[in-house]
Amino acid sequence: VWSTLHALDALSILNRLRDLRIDEYKIFDHSIMTGLWGQRLVKKLCPHCRIPFKQSIDEGKHDPDFVSNVKSVMNLDEFEIYSRGPGCVKCTRGVTGRVPVAEIIMPDAGLMKYMRDGNIGTARQYWTQKLHGFTMHDHALTHIARGIIGPEEYETLLGPLQPPSNPNFLNKLKKTQSGVDTKQKAQQRAAAAGQPGQKPAPPAQ
C-alpha cells in the first residue's frame with residue numbers, strides 16, 4: 001500500500017504517523033513499514049545564463065557567512081559550482097523549472113528501535129553509516145557539484161549546507177584531482193586500454 005503525507009524528511013514520517021495516532025506496532029515494524037520516501041523540489045539553474053559561483057561572490061551577490069559555509073562544505077577549486085544568472089530568453093529569471101532532491105529509506109529492525117525510543121539522531125547516523133543511506137542533503141550536494149542547482153537554492157529549501165554523510169560519493173564529482181581533469185584521465189585510461197573508438201595513447205617521449 002502506498003500513501004503520502006506531509007513531513008520534513010523521510011525519517012520524520014514515522015513520528016508524523018505517531019502524531020496521527022496510528023498504532024505503534026504498525027509504524028515501527030519494518031516488515032509492515034517497508035519503505036520511507038521524502039522529496040522536495042529545488043529550482044533548477046538555467047544552463048545558458050548561469051554564472052560561476054566565484055563570479056557571484058566577486059560581484060557581492062551573497063552574504064559573507066553564507067559564502068563561508070559553502071566553502072566549508074565544498075572546495076570551490078574542486079567543483080564546478082554555479083549561481084543563478086540574470087535570466088535570458090531560454091528561462092525565467094535564471095530558472096528552468098525544478099528538480100527533485102530525495103531520500104529513500106528501507107528500514108530494518110535496528111533503525112525502527114532507535115526511532116521508537118525517540119533516538120532520532122542515533123537513528124539518522126545508523127541509517128547513513130550502517131545502512132549506507134543517501135540523504136536529501138546528499139542528493140542536493142550532487143546537484144550543486146554538477147551545476148544543476150546553486151548553493152543559494154539549496155539553502156532556501158533545506159537550510160545551511162551540510163557536509164555529506166559519506167564524502168566518498170562527493171569526491172567522485174570533483175572536477176580535478178592532482179591538477180588533472182578526471183574526465184581527461186578517464187579518456188587517457190580508455191585510450192591506453194585500446195577501447196574501440198578511442199585514439200591510441202601517444203608514445204612516451
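Arg-93 sits in the loop between strand 3 (82-83) and strand 4. In this predicted model, Arg-93 has a positive phi of about 50 degrees, although it is not a glycine. Arg-93 counts as exposed because its relative accessibility is 65%, and the cut-off for exposed is over 50%. His-132 is a further residue other than glycine with a positive phi, near 55 degrees. The loop between helix 6 and helix 7 holds His-132. Its relative accessibility is 66%, so His-132 also counts as exposed.

The chain contains ten helices and six strands. It has 205 residues, of which 36% count as buried. Among contacts with a separation of 6 or more, 68% join residues 24 or more positions apart. The accessible surface of the chain comes to about 12700 Å². Carbon and sulfur atoms account for 51% of that surface.

Nonpolar side chains tend to be buried together in soluble globular proteins. The largest nonpolar core in this chain has 23 residues. Met-74, Ile-81, Leu-141, Ile-144, Ile-149, Tyr-154 and Leu-161 touch the most other members. Two or more residues each come from helix 4 (64-73), strand 4, helix 7, helix 8 (151-158) and helix 9 (167-171). Helix 7 gives the largest share of this core, five residues. Leu-161 illustrates the packing. Its contacts, leaving aside neighbours within four places in sequence, are Asn-69, Val-70, Val-73, Met-74, Leu-141, Ile-144, Pro-151 and Tyr-154. Of these partners, Met-74, Leu-141, Ile-144 and Tyr-154 are also listed with Leu-161 among the core members that touch the most others. Another core, of 16 residues, lies apart from the one around Leu-161. Its members include Leu-36, Leu-111, Met-115 and Trp-127.

Trp-127 belongs to helix 6 (residues 120-129), where Ala-123, Tyr-126, Trp-127 and Thr-128 are buried. The buried residues of helix 6 pack against strand 4 (95-105) and helix 5 (109-116). Strand 4 thus recurs: it packs with helix 6, and it gives two or more residues to the largest nonpolar core.

Two pockets were examined. The largest pocket holds about 900 Å³ of space. It is lined by 26 residues, and Ser-3, Thr-4, Leu-5, Ile-13 and Gly-35 are the closest to its centre. Helix 1 (12-19), strand 1 (36-45) and strand 4 each supply at least two lining residues. Strand 1 gives the largest share of this lining, five residues. By class, 16 of the lining residues are nonpolar, seven are polar and three are charged.

The second largest pocket has a volume of about 220 Å³. Its lining comprises 15 residues. Glu-103, Arg-124, Thr-135, His-137 and Gln-162 lie nearest its centre. Helix 6 and helix 7 (136-145) are the elements that give two or more residues to this lining. Four of the lining residues of the second largest pocket are nonpolar, six are polar and five are charged. Helix 7 therefore has two roles in the model: it contributes to the lining of the second largest pocket, and it gives five residues to the largest nonpolar core.

How values were computed:
Residues are numbered from 1 along each chain as its sequence is written. This is a predicted model: local features need pLDDT of at least 70, side-chain atom pairs count only at pLDDT 80 or more; totals for chains, interfaces and linings use all residues. Side-chain values use heavy atoms; hydrogens and water are left out. Buried means under 20% relative accessible area, exposed over 50%, partly exposed in between (1.4 Å probe, protein chains only). Helices (H or I, at least four residues) and strands (E, at least two) are DSSP runs, numbered from the N terminus. Contact means heavy atoms within 4.5 Å. Accessible areas come from the Shrake-Rupley method with a 1.4 Å probe; for residues, only the protein chains shown count as cover. On a 1 Å grid over the protein atoms alone, a cavity is a set of points where a 1.4 Å probe fits but cannot get out, and a pocket is an open set with protein on both sides within 12 Å along at least five of seven lines; lining residues have an atom within 4 Å of a point. Grid points are joined across faces, edges and corners, and a volume is the space filled by probe spheres set on the points. Ala, Val, Leu, Ile, Met, Phe, Trp, Tyr, Cys and Pro count as nonpolar, Asp, Glu, Lys and Arg as charged, and the others, Gly among them, as polar. A nonpolar core is a set of buried Ala, Val, Leu, Ile, Met, Phe, Trp, Tyr and Cys residues joined through side-chain atoms within 4.5 Å.
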